[in-house]
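Here is a friendly tour for anyone meeting this structure for the first time. Please take a look at the picture before reading on.

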Amino acid sequence: MQGYLVVLRFELFGLFVSPATYVASFYFLALLGFGFRFFIETFVNTDWILPPLSSLVIGLMFGSPALIPFLTMRSFAEEKRLGTLETLLSAPVTNFAVVFGKWTACYLFFVFISVAAFCFPLIIYFWFPEQSTTLGFSNLEQWIGCFLYLLTFGASFSAIGIFSSSITNNQMVAGMLTFTLLTLYLSIMAVSFGEISDTQIFSGFSQFLWSCIGSMFHGLNKMQNFSVGLIEIQTILHQFVVIFYFLFLASIQVDRMRK
Amino acid sequence: MSAEKKPLPIVEVINLSKKYGIIYALKGISFSIGQGEIVGFLGPNGAGKSTTLRILSGLIPADSGEAKVCGVDLAEEEGEVRQHIGYLAENNPLPEEFRVIEYLKYRASLKNLKGSRKRERIKRVLEICDLERKVSERKIGNLSKGFRQRVGIADSLLAEPRLIILDEPTIGLDPRQSAITRKMMDRLRGEVSFILSSHILSEVEACCDRMIILSHGQIVAEGTLSELQKKFLQSISFEIVSKATKIELQRSVREVDPDCELLNEDPVEVTGKRRFTFNCPKGQQAVELILRNLLENKDFEISEFQICRPDLETIFLRATKQNWKEKDMLGRGKFSDIN
């Protein structure tokens with residue numbers, strides 16, 4: 001994938017110099033912080049059965065439709081509008097390297113924000129060790145499970161954002177489309193939350209594909225396992241399918257522009 | 001004695017076609033460009049110039065035909081072809097928020113330049129394009145159009161390409177900036193081949209070795225300026241400064257060539273004479289006879305006689321005029337079907 005690292009570096013640089021990303025990240029983290037604080041304070045009085053750390057993941061997941069568009073909407077839409085995508089594609093780089101590079105940059109920024117969000121429980125862990133033990137913050141497996149779950153879904157959300165950006169040359173339209181698709185995705189998961197999903201061994205490709213769609217419906221259910229440190233490789237693999245599906249579609253879109 | 005080997009052309013295009021929906025953008029064009037040649041692409045809007053350039057730069061594929069750049073087939077080794085090409089897109093889109101030097105470093109990395117070679121090439125192109133010192137540290141968004149154009153050209157020169165494709169490089173530039181762009185091309189004359197697409201005919205006339213005129217996706221003329229002059233303008237224009245009246249002069253000229261027509265008549269000069277411009281369709285020999293005939297009449301007091309060489313604009317209009325007459329809005333023949 002010739003040019004992948006160069007595109008990645010350039011895109012990351014673009015995200016880090018853009019004031020819009022900082023403003024969006026700041027407000028997002030501030031709201032998330034207040035929400036998390038409120039949840040921790042009232043946690044004892046709720047009938048929440050999952051570890052408190054999962055509330056942070058839920059906050060990040062449901063906040064993604066507001067955050068991801070800010071990270072991804074510029075990537076292709078703005079380049080198409082300005083015409084710089086043509087200049088980029090005239091260099092010896094492959095379509096997929098461009099798509100993958102842009103996606104990785106947005107995803108890394110999402111990881112950066114997630115790490116910043118995980119600093120909230122970390123602060124509690126260091127400043128209030130007793131309370132944090134009561135809240136279960138001392139269990140490493142919960143940290144790993146929650147973070148992995150977030151990384152997995154963050155990756156597929158970013159891929160959806162990149163795809164949305166690749167089909168239009170108006171970044172506002174790209175942002176709105178990302179918001180709509182992610183809200184739809186989360187709504188499907190929220191509606192199906194609590195339904196029993198089967199874990200099965202696949203005997204054929206069609207069964208595997210069907211289980212991927214099943215995983216999309218029951219994504220939030222899977223969090224119950226991840227939040228207690230039970231990592232489901234199947235869910236991670238399913239999200240990989242979503243990532244590659246949307247990145248492949250974005251790559252086709254870029255290819256279409258060449259025709 | 002062994003036969004001398006002819007160098008391979010940098011660009012070789014054979015029967016190239018491209019269609020957008022129902023519109024034929026290119027209809028089987030063929031041409032070649034030699035090492036170090038500067039070739040001007042001319043044609044009215046929608047003639048297929050940009051399509052040809054975008055195909056040659058590997059941005060879009062052709063529907064049929066063959067295009068080779070540096071001996072490499074575009075359809076098979078598109079990625080490798082891009083290594084040999086520097087491309088300046090129409091309107092020269094650049095990212096506004098980056099500094100010139102940052103942008104050139106990024107482009108150099110994209111073109112696989114590394115380490116000392118990368119530094120050396122960036123320094124060299126900054127020097128060629130007069131972008132050194134303070135300009136290289138400025139943000140692209142704050143640069144004037146002329147400087148932005150130089151940044152685009154610097155980018156196209158980065159990887160020492162063997163072919164540079166410039167799509168309307170001087171559009172919107174003032175005459176001074178256009179001259180600087182031409183100077184840059186002159187500096188590289190002979191080393192690199194250029195394809196230059198432009199609407200500014202005087203510019204193409206000044207800096208190109210050869211011209212290709214496109215109209216409705218077809219090449220309607222190709223060659224050096226003198227070749228085109230010979231091919232397209234067999235009829236010759238000539239100017240006479242004389243004391244004779246328009247009617248007298250016309251009668252005398254038409255004695256030799258009845259088809260000769262008066263094109264222009266300038267106001268009376270200080271000497272009391274007038275300047276007449278005629279067009280003679282029968283060529284130079286007929287003009288010589290006309291001159292002899294005019295000189296026999298002493299009352300005409302001819303003080304000046306000049307044969308006017310047609311400029312590129314006249315050739316361009318003649319070359320494209322016939323093609324326009326024959327085609328409809330979609331580029332199809334009005335009188336015959338295209339295959």
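What follows walks through chain A, a sheet in chain B, the contact between the chains and the nonpolar cores.

Keep in mind from the start that this is a predicted model.

**Chain A**

Let's begin with the helices. Chain A has 11 of them and zero strands, so its pattern along the sequence is simply one α after another: α-α-α-α-α-α-α-α-α-α-α. Of the 259 residues in chain A, 41% are buried. Among the contacts in chain A with a separation of 6 or more, 85% join residues that are 24 or more positions apart.

**A sheet in chain B**

In chain B you can find an open sheet of four strands, ordered β12-β13-β11-β14, with antiparallel pairing. Why do β12 (261-265) and β14 (304-308) of chain B each have one side without a neighbour in the sheet? Both stand at the edges and have a single partner strand each, so one side is left free of a neighbour in the sheet. On average, neighbouring strands of this sheet are turned by 25° against each other, direction ignored.

Look next at the pair β12(B) and β13 (residues 274-280) of chain B, which is antiparallel and has four bridges. Within this pairing, L262(B) has F278(B) in β13(B) as its bridge partner.

Two helices of chain B pack on the sheet, as the table shows.

| Helix of chain B | Strands of chain B touched | Angle between directions |
|---|---|---|
| α10 (residues 246-256) | β11 (236-242), β12 and β13 | about 150° with β12(B) |
| α11 (residues 284-296) | β11, β13 and β14 | about 15° with β11(B) |

**Where the chains meet**

How many residues does each chain bring to the contact? Chain A brings 16 residues and chain B brings 20 residues. On the side of chain A that touches chain B, the elements giving two or more residues are α1 (4-17) and α4 (84-89) of chain A. The most comes from α4(A), with four residues. By type, this side of chain A has eight nonpolar, five polar and three charged residues.

**The nonpolar cores**

In soluble globular proteins, nonpolar side chains tend to be buried together. Here the largest nonpolar core has 127 residues, and A159(A), A154(B) and I165(B) have the most contacts inside it. This core takes at least three residues from each of domain 1 (9-84 + 161-232 + 310-339) and domain 2 (95-148) of chain B. Setting aside neighbours within four places in sequence, A154(B) is in contact with L104(B), V125(B), L126(B), C129(B) and L131(B).

A second, separate core has 12 residues, including V253(B), F276(B), F278(B) and I290(B). You have already met F278(B), as the bridge partner of L262(B).

Key
Residues are numbered from 1 along each chain as its sequence is written. Chains are lettered from A and ligands numbered from 1 in the order in which they are written. This is a predicted model: local features need pLDDT of at least 70, side-chain atom pairs count only at pLDDT 80 or more; totals for chains, interfaces and linings use all residues. A residue is buried if 20 or more other C-beta atoms lie within 10 Å of its own, exposed if 12 or fewer, and partly exposed in between; C-beta atoms are placed from the backbone. Two residues are in contact if their C-beta atoms, placed from the backbone, lie within 7 Å. Two strands pair if DSSP finds at least two bridges between them. Axes are lines fitted to C-alpha atoms, for helices over the stretch in contact, and angles run from 0 to 180 degrees between N-to-C directions. Ala, Val, Leu, Ile, Met, Phe, Trp, Tyr, Cys and Pro count as nonpolar, Asp, Glu, Lys and Arg as charged, and the others, Gly among them, as polar. A nonpolar core is a set of buried Ala, Val, Leu, Ile, Met, Phe, Trp, Tyr and Cys residues joined through C-beta atoms within 7 Å. Domain bounds come from an automatic or database domain assignment.
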